[in-house]
There are 2 protein chains.
Amino acid sequence: MDIQLKRGFLDVCVLAAIKDGESYGYKIIKDLKPYIELSESTLYTILKRLETAEMLTVRSAEHDGRLRKYYRITDNGLKRIKEFRDEWKEMVSVYQFVIKEESHE
Amino acid sequence: MDIQLKRGFLDVCVLAAIKDGESYGYKIIKDLKPYIELSESTLYTILKRLETAEMLTVRSAEHDGRLRKYYRITDNGLKRIKEFRDEWKEMVSVYQFVIKEESHE
DNA sequence: ACATAATACATCGTAACACGAAGTATATGA
DNA sequence: TCATATACTTCGTGTTACGATGTATTATGT
């Protein structure tokens, strides 16, 4: 997906990836891969941003001798996902404007 | 619409605004207003970018003593709109992932 | 007559953000 | 032993939307 297009979706995708239970960085990237690809540097930037915005919480834990940071969604995060549903309506309206009278060969 | 979300739509909206015939800056802003809002500084940046990418051509003309620059879409521009239709499919897939199992109260 | 708004385009600086590159460190499998 | 996978971190960079500001003319209202 085009980088500019991604910008509006990445945050909410990361939230969606943890909304059914805790997850951690590496796993989030793999879970999102079929839908949207993002690099580690991108993800950790986003996670930090979402933490600052209090849309998720973090806890550190050791797993097989390696550090893992587990992320859990908050009420703010869930609210963000709900807002996205409204934003989607705007996107649909824009999409219809753009493809209006376009040939569908 | 959220600024991050806009980023993926603005270019293609501007192209859509001129795809049925020539238009000029001030008019494009007004025509797009019901769908997506953008400032003059944003628009002129976009127009310059699309011109560089050869997705539109420009001609200057005087109208009521004022300068006007008329923009016309090119084949590249039309191709861009077609590509957007494919990108939309990806967006739909991402959207469905995000709202999956979401309550629809 | 004068002020304000609308039309029309241009430039500059800034802040947000995705990303590649590079780094640190452990575990596993060939 | 050497590569690969796991796992998180930091830095620098390029793209980009936007507010602020500027220039200039025409139209409108009082």
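**View 1. The surface through which chains A and B meet in the predicted model.** Of the interface residues of chain B, 100% are also interface residues in chain A, so the two copies meet through the same surface.

**View 2. Superposition of chain B on chain A.** A turn of 180°, combined with a shift of 0.0 Å along the axis, lays chain B on chain A with an RMSD of 0.0 Å. The two copies are therefore related as by a two-fold rotation axis.

**View 3. The hairpin formed by strands β2(B) and β3(B).** Strand β2 of chain B, which covers residues 56-63, pairs in the antiparallel sense with strand β3 of chain B, which covers residues 66-73, and the pairing runs over eight bridges. Two residues lie between the strands of this hairpin, and in the turn D64(B) has a positive phi of about 55°. On either side of the turn, H63(B) has R66(B), in β3(B), as its bridge partner.

**View 4. The surroundings of D11(B) in helix α2 of chain B.** Helix α2 of chain B spans residues 10-18, and D11(B) is found within this helix. With a relative accessible area of 19%, D11(B) is buried, because that value falls under the 20% limit used for buried residues. When neighbours within four places in sequence are left aside, D11(B) is in contact with I46(B), R49(B) and L50(B). With one of these residues, R49(B), the contact includes a polar one between side chains, that of D11(B) and that of R49(B), at 2.7 Å.

How values were computed. Residues numbered from 1 in each chain as written. Chains lettered and ligands numbered in written order. Predicted model: local features only at pLDDT ≥ 70, side-chain atom pairs only at ≥ 80, totals over all residues. Heavy atoms only, no water. Pairing = 2+ DSSP bridges. Helix = DSSP H or I, 4+ residues; strand = E, 2+ residues; numbered from the N terminus. Least-squares fit on C-alpha atoms with pLDDT ≥ 70 in both. Contact = heavy atoms within 4.5 Å. Buried < 20%, exposed > 50% of the residue type's maximum accessible area, 1.4 Å probe, protein only. Polar contact = N/O pair within 3.5 Å; in protein donor to acceptor, adjacent residues only side chain to side chain.
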